[in-house]
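Student: I'm new to this structure and would rather get to know one part well than skim everything. Could you pick a spot, take me through it slowly, and then show me how it connects to the rest?

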Amino acid sequence: MHKDIDHCKVVSQSLAGERPTDEQTFTSINLLAERLQTVQKVHRRLVDVEFSPQVQALIEQESLLAIS
């Protein structure tokens, strides 16, 4: 299902206001977070790599929406 979607593009477009910040945005962020964790486990030098502050803000927004 997710293989045909460019998750980086979805998040990038959401951040730029080119598409709505919706469920697909949060699904893409979560999938990218999982991929990042997998890469970090294999390549320990990348352990300090993290999402941009803008993406972090979206993650916090998603958490707040889940609480409401």
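Tutor: Let's start at phenylalanine 51, which sits in the loop between H2 and H3. One thing to keep in mind throughout: this is a predicted model. With a relative accessible area of 22%, phenylalanine 51 counts as partly exposed, because the buried class is kept for values under 20%. Now look at what it touches. Leaving out residues up to four places away in sequence, phenylalanine 51 is in contact with Ile29, Leu32, Ala33, Gln56 and Ile59. Take Leu32 from that list: leucine 32 is 19 residues away from phenylalanine 51 along the chain, and their C-alpha atoms are 9.5 Å apart.

Two of those partners, Ile29 and Leu32, also turn up among the buried residues of H2, together with Thr25, Phe26, Ser28, Leu31 and Gln40. What do these buried residues pack against? Helix H1 (7-16) and helix H3 (53-67). If you look at the numbering of the buried set, a bit of helix geometry is handy here. An α-helix makes a turn every 3.6 residues, so residues three or four places apart point the same way.

Now for H2 as a whole. It runs over residues 23-42, which makes 20 residues. From its first C-alpha to its last it reaches 29 Å, close to the 28 Å expected at 1.5 Å a residue.

Its N-terminal end has a cap, aspartate 22: a side-chain oxygen of that residue lies 3.2 Å from the backbone nitrogen of glutamine 24. Aspartate 22 has another partner too, as it forms a salt bridge with arginine 19, where the closest N and O atoms are 3.0 Å apart. The salt bridge count here comes to one. Aspartate 22 is partly exposed, at 27% relative accessible area.

Further along H2 you come to arginine 35. With a relative accessible area of 46%, arginine 35 is partly exposed. Its C-alpha is separated by 23 Å from that of leucine 65, which is 30 residues away along the chain.

Keep going and you reach glutamine 40, still in helix H2. Is glutamine 40 buried or exposed? It is buried, at 13% relative accessible area, because that value falls under the 20% cut-off. Setting aside neighbours within four places in sequence, glutamine 40 is in contact with Leu46, Val47 and Val49. Two backbone oxygens come into play for its side chain. A polar atom of the glutamine 40 side chain lies 3.0 Å from the backbone oxygen of leucine 46, and the side chain also reaches the backbone oxygen of valine 47 at 3.4 Å. For a sense of the distance to H3, glutamine 40 and alanine 66 are 27 Å apart, C-alpha to C-alpha, with their positions 26 residues apart in sequence.

Those contacts bring you back to the loop where we began. Valine 49, like phenylalanine 51, is in the loop between H2 and H3. It is partly exposed, with a relative accessible area of 41%. Valine 49 joins Val39 and Leu46 in making a nonpolar surface patch of about 200 Å².

Let's hop over to H1 for a moment, where you'll find serine 12. At 44% relative accessibility, serine 12 is partly exposed. Serine 12 and glutamine 54 are 42 residues apart in sequence, but 9.9 Å apart in space, C-alpha to C-alpha.

Finally, zoom out to the whole chain. It has three helices and zero strands, so from the N terminus the elements run α-α-α under the helix and strand definitions used. The C-alpha trace spans about 35 × 30 × 20 Å along its principal axes. There are 68 residues in the chain, and 19% of them count as buried. The accessible surface comes to about 5200 Å², with 53% of it belonging to carbon and sulfur atoms. As for contacts with a separation of 6 or more, 43% of them are between residues 24 or more positions apart.

Technical notes. Residues numbered from 1 in each chain as written. Predicted model: local features only at pLDDT ≥ 70, side-chain atom pairs only at ≥ 80, totals over all residues. Heavy atoms only, no water. Helix = DSSP H or I, 4+ residues; strand = E, 2+ residues; numbered from the N terminus. Expected span 1.5 Å × (residues − 1). Buried < 20%, exposed > 50% of the residue type's maximum accessible area, 1.4 Å probe, protein only. Contact = heavy atoms within 4.5 Å. Polar contact = N/O pair within 3.5 Å; in protein donor to acceptor, adjacent residues only side chain to side chain. Patch = residues over 30% accessible without salt bridge, like charges linked within 9 Å, V, L, I, M, F, W, Y side chains within 5 Å. Areas by Shrake-Rupley, 256 points an atom, 1.4 Å probe, with all protein chains shown as cover. Salt bridge = Lys/Arg side-chain N within 4 Å of Asp/Glu carboxyl O.
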